[in-house]
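Welcome, and thanks for taking a look at this model with me. Have the viewer open, and we will walk through the strands, a helix, the domains and the ligand shells in turn.

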Amino acid sequence: MAVLQTELKPLHIKGRRLLPIVQGGMGVGVSAHRLAGSVAALGAVGTISSVDLRRHHPDLMAQTGKSRDKSLIDNANLVALDREVKAALQLAGGQGMVGVNIMRAVAEYAAYVRQACESGAQAVVVGAGLPLDLPELTAEHPGVALMPILSDARGVALVLKKWMRKNRLPDAIVIENPKHAAGHLGAARIEDVDQPHFAFPVVLESTLQVLHELGLEREKIPLIAAGGVNSHEQVRGLLDLGASAVQLGTAFAITEEGDAHSNFKKVLAEAKPEDIVTFMSVAGLPARGVRTPWLANYLDKEEKLQRKAGPKECTVGFDCLHQCGLRDGIAKAGQFCIDTRLAFALEGDVKRGLFFRGSERLPFGSEIRPVRELIEFLLTGEVSPAGAWERAAA
Ligand SMILES: Cc1cc2nc3c(=O)[nH]c(=O)nc-3n(C[C@H](O)[C@H](O)[C@H](O)COP(=O)(O)O)c2cc1C
Ligand code: SF4
């Protein structure tokens, strides 16, 4: 597949010249090797989500599907991550960049970071918590780009100051707006997600100011704006505001190459604005998804479940989170097993799954299209007839 070209300024990370488009990591299994590798093959940044990837590997599921042995499950997930990174790199054929997204909030965060580096990932992207220890964890792999996901200038300043004491800088920073993004959101409470300081013009300006105050040239750390991006005009607008690239999640999840079941894509693609809700996740952060039958039923009972919250054993013996509202009995957090629910969604179980989705309309409405058309549309505002890019590049 030919790499796409653009008039827009390229994104530079670790000496690579990339399209200014990033496909965000999406768990469980929504962005695995097929999506991330296909995005990278076009010259953009593709990201595998590291969470519970064994679910894409029938042999690993045969060993662990019914197991309650945490170390067996963790080991299967590291094997799956290794396979997925290698398969994505092969699909990318040396183009673009293949990263691995790892949530700071998962118990096996450090093991996933090490495995990603050892398997050849070109970037490690960390969200859902502050990755203050990422420089140490990756010290033996200086060629791997480090990319924290943050939501405001305060978080950026904190990470930068800590990392600068360790003589390391992020290779890029993803700035995710909790008002529009999908999945876990970078705000402490649901009421905070649309605070004005998260708006792109404010956060980009204040982050550039932080870089200036710390004596860092703005070109040194590219900023990648994520959350609700759905048009070429918006891409241009964000680049004009000082971003070096944009990151999209939902729109990539529903592409032909997206690694989830076609029912999963349909739920996201066909959701109406009134179906999209913000609620508290078991990880203790607000999250955004589609009000499918399970979520509607859970939200009806949430208050009651929270009143009854109390410590118990992990329902599946996986202990996936450092802190889990259900297992640890944290009343203000969610009271459901997120691993089980996201796995149902990946398999296309519309009744029982949890389907993360951003708040905004999608670039092609409810149409499922190939990754190439999505990236082309973001770069140019148009979609050329099939094959035109390849012919132009030949
Ligand atoms: C189904 C789904 C799962 C996601 N899972 C993760 C995840 O595991 N880790 C993460 O950092 N972000 C996750 N995200 C967020 C995306 O990477 C991206 O930053 C976000 O969706 C951008 O907003 P948009 O969906 O409006 O484009 C997820 C998004 C979706 C749609
Ligand atoms: S109960 Fe909590 S820790 Fe255990 S698998 Fe479910 S979400 Fe993870």
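Let us begin with strand S10, residues 223–226, which runs parallel to S11 and is joined to S11 by three bridges. Please keep in mind that this is a predicted model.

**Strands around S10 and S11**

Two of the partners between these strands are worth picking out. Ile224 has Ala245 of S11 as its bridge partner, and Ala226 is matched with Gln247 of S11. S10 also pairs with strand S8 (residues 173–176), in the parallel sense and over four bridges. Here Val174 finds its bridge partner in Ile224 of S10. Ile224 therefore has a partner in each of two strands: it is bridged to Val174 and to Ala245 in S11, and S10 pairs with a strand only where at least two bridges are found.

S11 has another parallel neighbour, strand S3 (residues 21–23), and three bridges join them. In that pairing, Gln23 stands opposite Leu248 in S11.

The table gathers the strand pairs of this model discussed in this report.

| Strand pair | Sense | Bridges |
|---|---|---|
| S3 and S11 | parallel | three bridges |
| S10 and S11 | parallel | three bridges |
| S8 and S10 | parallel | four bridges |
| S12 and S13 | antiparallel | five bridges |

Are the residues on the two faces of S10 buried or exposed? Leu223 and Ala225 lie on one side and Ile224 and Ala226 on the other, and all of them are buried. In a regular strand, side chains alternate between the two faces of the sheet. S11 shows such a split too: Ala245 and Gln247 point one way, Val246 and Leu248 point the other way, and all are buried.

**A covered helix**

Next comes helix H1 (residues 33–41), which is mostly covered, with nine of its nine residues buried. Its buried residues include His33 and Arg34 as well as Leu35, Val39 and Ala41. Which elements help to cover the buried residues of H1? They include the strands S3, S4 (45–49) and S5, along with the helices H3, H9 and H13 (371–380). After H1 comes Gly43, which has a positive phi near 100°.

**Two domains**

Now let us step back to the division of the chain. Domain 1 covers 11–266 + 363–383, while domain 2 covers 272–346. Their centres, taken over C-alpha atoms, are separated by 23 Å. At the meeting of the two, 27 residues of domain 1 are in contact with 20 residues of domain 2. On the domain 1 side, helix H3 (70–92) and strand S9 (183–184) each supply at least two of the touching residues. By class, that side of domain 1 has 16 nonpolar, five polar and six charged residues.

S9 also belongs to an open sheet of three strands, in the order S9-S13-S12 and with antiparallel pairing. S9 and S12 (276–280) each have a single partner strand, so they stand at the edges, and one side of each is left without a neighbour in the sheet. Within this sheet, S12 and S13 (residues 286–290) are linked over five bridges, and Phe279 has Ala287 of S13 as its bridge partner.

**Two ligand shells**

Ligand 1 has 30 residues around it, and Gly24, Gly183, Gly249, Thr250 and Gly358 come nearest. The elements giving two or more residues to this shell are strand S5 (97–103), strand S11 (245–248) and helix H9 (250–253). Which element gives the most to the shell around ligand 1? That is H9, with three residues. By class, the shell holds 13 nonpolar, 14 polar and three charged residues.

Ligand 2 is surrounded by 14 residues, and the closest are Cys314, Cys320, Cys324, Cys337 and Asp339. This shell has ten nonpolar, one polar and three charged residues.

**The chain as a whole**

To finish, here are the overall figures. The chain has 14 helices and 13 strands, and buried residues make up 53% of its 394 residues. Of the contacts with a separation of 6 or more, 67% link residues 24 or more positions apart. The C-alpha atoms fill a box of roughly 55 × 50 × 40 Å along the principal axes. The radius of gyration is 20 Å, which agrees with the value near 21 Å for a compact globule of 394 residues.

Definitions and conventions:
Residues numbered from 1 in each chain as written. Chains lettered and ligands numbered in written order. Predicted model: local features only at pLDDT ≥ 70, side-chain atom pairs only at ≥ 80, totals over all residues. Near = placed C-beta within 6 Å. Nonpolar A, V, L, I, M, F, W, Y, C, P; charged D, E, K, R; others polar. Domains from an automatic or database assignment. Contact = placed C-beta atoms within 7 Å. Rg over C-alpha atoms; globule rule 2.2 N^0.38 Å. Buried ≥ 20, exposed ≤ 12 C-beta atoms within 10 Å, placed from the backbone.
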